[in-house]
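Visitor: Please take one part of this model and look at it closely. I would like to know which side chains meet there, and then how other contacts in the chain are built.

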Amino acid sequence: MDLNLLKTFDAVMKSKSVNEAAEVLNITAPAVSHALNRLRDEYQDPLFIRQGRGIVPTNFAVELHSEIQEPLSLLLNGSKSRQDFSPELSQRTFRISSHKDIDLIVVPPLVSYKNEFAPHVTIQADIEHLNEQDRQDDLRRRRVDVILATVPLEDRGYNNQLLFEQELVVTASKYHPRIQEELTLEDFMRESHITWKTQRLNTNTLDSVAIDTVLPPRQVAYSTGSVVTALTMASQTEWLAITSKWQADLIADNLGLRVFPIPLKIGKVPVYMTWHQSQKNDKGHEWLRRAIVESLAMSKVVESDSL
């Protein structure tokens, strides 16, 4: 099959428009339609159906795009992007493996940065690994470009860069019957807690950054891997929830939460960017790493906690 047919199909899937795909590919709209007709004949499927003034893909088209996107990106951009990458022209897809809580901080400024400097690049940040071996395998096999996590990969062949550190705070409902203007250590240890689990250390976030060897045991009422769930739960109960200061500043007022310093000796939560050594000469990959760093700096999202 002519590779350009799949390249055209990919552009239409991303833009959901024949005219926009033609503009991205620098060809005419009739040429795009002709390529789609050839693919329809090849696969015996309409691929796209008119809906209002636009088009929507068929179920088969969605499945086909999912299957071809990664190999197509490698074929079209693989060798070229390693030597010559032009962000303003590239149609490359970058894949980030992260965690929903880190995504809240990183993804919005990164997308804004991409829209300004690399409008045709696609950022996929919906990949989450729970298995450590899968995480390493996908980096090594280039199924993902970078991993964002609170723990670096120390194995040989991986590079780690500390992006920023986040201060932790404790939150409680504004209507908490026993905690109002301050939170003492006695209060902290007496109340029940919602623990915020780390993704990779199989422990809760507070224990993972404890400066003392072991923190005193707490009464755990609920445990979650989502800080938004923890904060929402804390706003409707008498339970305390640990979160980053950035996330507390963002949503605590809207949820009716008070924010207090943690009355224990703890460090900050680091967030690392990790990639495989095989990407060191890839100019496109170099741009992605720089884009993540610069977008965070430009947005000032982590300014107060950055190194």
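**A salt-bridge network and the strand beside it in sequence**

Guide: Arg178, Asp187, Arg190, Glu191 and Glu238 are linked in a network of salt bridges. The model is predicted, and the network belongs to a structure in which a full search finds nine salt bridges.

One link in the network can be followed in detail. Arg178 and Glu238 form a salt bridge in which the closest N and O atoms are 2.9 Å apart. The two residues are 60 apart in sequence, and the pair links distant parts of the chain. Arg178 sits in the loop between β7 and α7 (185-190), whereas Glu238 sits in the loop between α9 (227-235) and β10. Buried residues have under 20% relative accessible area and exposed ones over 50%. Arg178 has 42%, so it counts as partly exposed. Glu238, at 37%, is partly exposed for the same reason: its value falls between those limits.

The loop that holds Glu238 leads to β10. This strand covers residues 240-244 and is mostly covered, with five of its five residues buried. Its side chains point two ways: Leu240, Ile242 and Ser244 go one way, and Ala241 and Thr243 go the other. Residues on either side of β10 are buried.

Which strands pair with β10? One partner is β7 (residues 168-173), joined to β10 by four bridges and running antiparallel to it. Here Val170 stands opposite Ile242. Another partner is β8 (residues 192-196), which runs parallel to β10 and is joined to it by two bridges. In that pairing, His193 has Leu240 as its bridge partner.

Other salt bridges join residues within a single helix. Lys245 and Asp249 form one, with their closest N and O atoms 2.9 Å apart. They lie four residues apart in helix α10 (residues 245-255), so about one helical turn separates them. Lys245 has 32% relative accessibility and therefore counts as partly exposed. In helix α11 (residues 283-299), Lys283 and Glu286 are three residues apart, about one turn of the helix. Their side chains meet in a salt bridge at 4.0 Å, N to O. Lys283 is partly exposed at 41%, and Glu286 is partly exposed at 30%.

Aromatic rings make a further set of contacts, with a count of eight aromatic pairs. In one of them, the ring centres of Phe9 and Phe48 are 6.0 Å apart and the planes meet at 55 degrees, so the pair is tilted. Phe9 is in helix α1 (residues 3-15) and Phe48 is in strand β1 (residues 48-51), so this pair ties together parts that are 39 residues apart in sequence. Phe9 has 0% relative accessibility and counts as buried. Phe48 has a relative accessible area of 7% and is buried too.

A second tilted pair is made by Tyr113 and Phe117, with 4.6 Å from centre to centre and 45 degrees between the planes. Because these residues are four apart in helix α5 (residues 100-117), about one helical turn separates them. Are their side chains buried or partly exposed? Tyr113 counts as buried at 7% relative accessibility, whereas Phe117 counts as partly exposed at 35%. Tyr113 and Phe117 also belong to one aromatic cluster that includes Phe85, Phe94 and Trp287.

A ring can also meet a charge. Arg289 lies over the face of Trp275, at 4.4 Å from the ring centre.

A word on confidence is in order. The protein chain averages a pLDDT of 86, and 87% of the residues score at least 70. Among the elements of the chain, strand β11 (residues 257-261) has the highest mean pLDDT, 96, and helix α8 (residues 205-208) has the lowest, 67. Where pLDDT is low, the predicted coordinates should not be read in detail.

To return to the part looked at closely, Glu238 is joined by a salt bridge to Arg178, and β10 is paired with β7 and with β8.

How values were computed: Residues are numbered from 1 along each chain as its sequence is written. This is a predicted model: local features need pLDDT of at least 70, side-chain atom pairs count only at pLDDT 80 or more; totals for chains, interfaces and linings use all residues. Side-chain values use heavy atoms; hydrogens and water are left out. Buried means under 20% relative accessible area, exposed over 50%, partly exposed in between (1.4 Å probe, protein chains only). Two strands pair if DSSP finds at least two bridges between them. pLDDT is the predictor's confidence in each residue, from 0 to 100. Rings of Phe, Tyr and Trp (its six-membered ring) pair if their centres lie within 6.5 Å; planes under 30 degrees apart count as stacked, over 60 as edge-to-face and the rest as tilted. A charge sits over a ring if NZ of Lys or CZ of Arg is within 6 Å of the ring centre and within 35 degrees of the ring normal.
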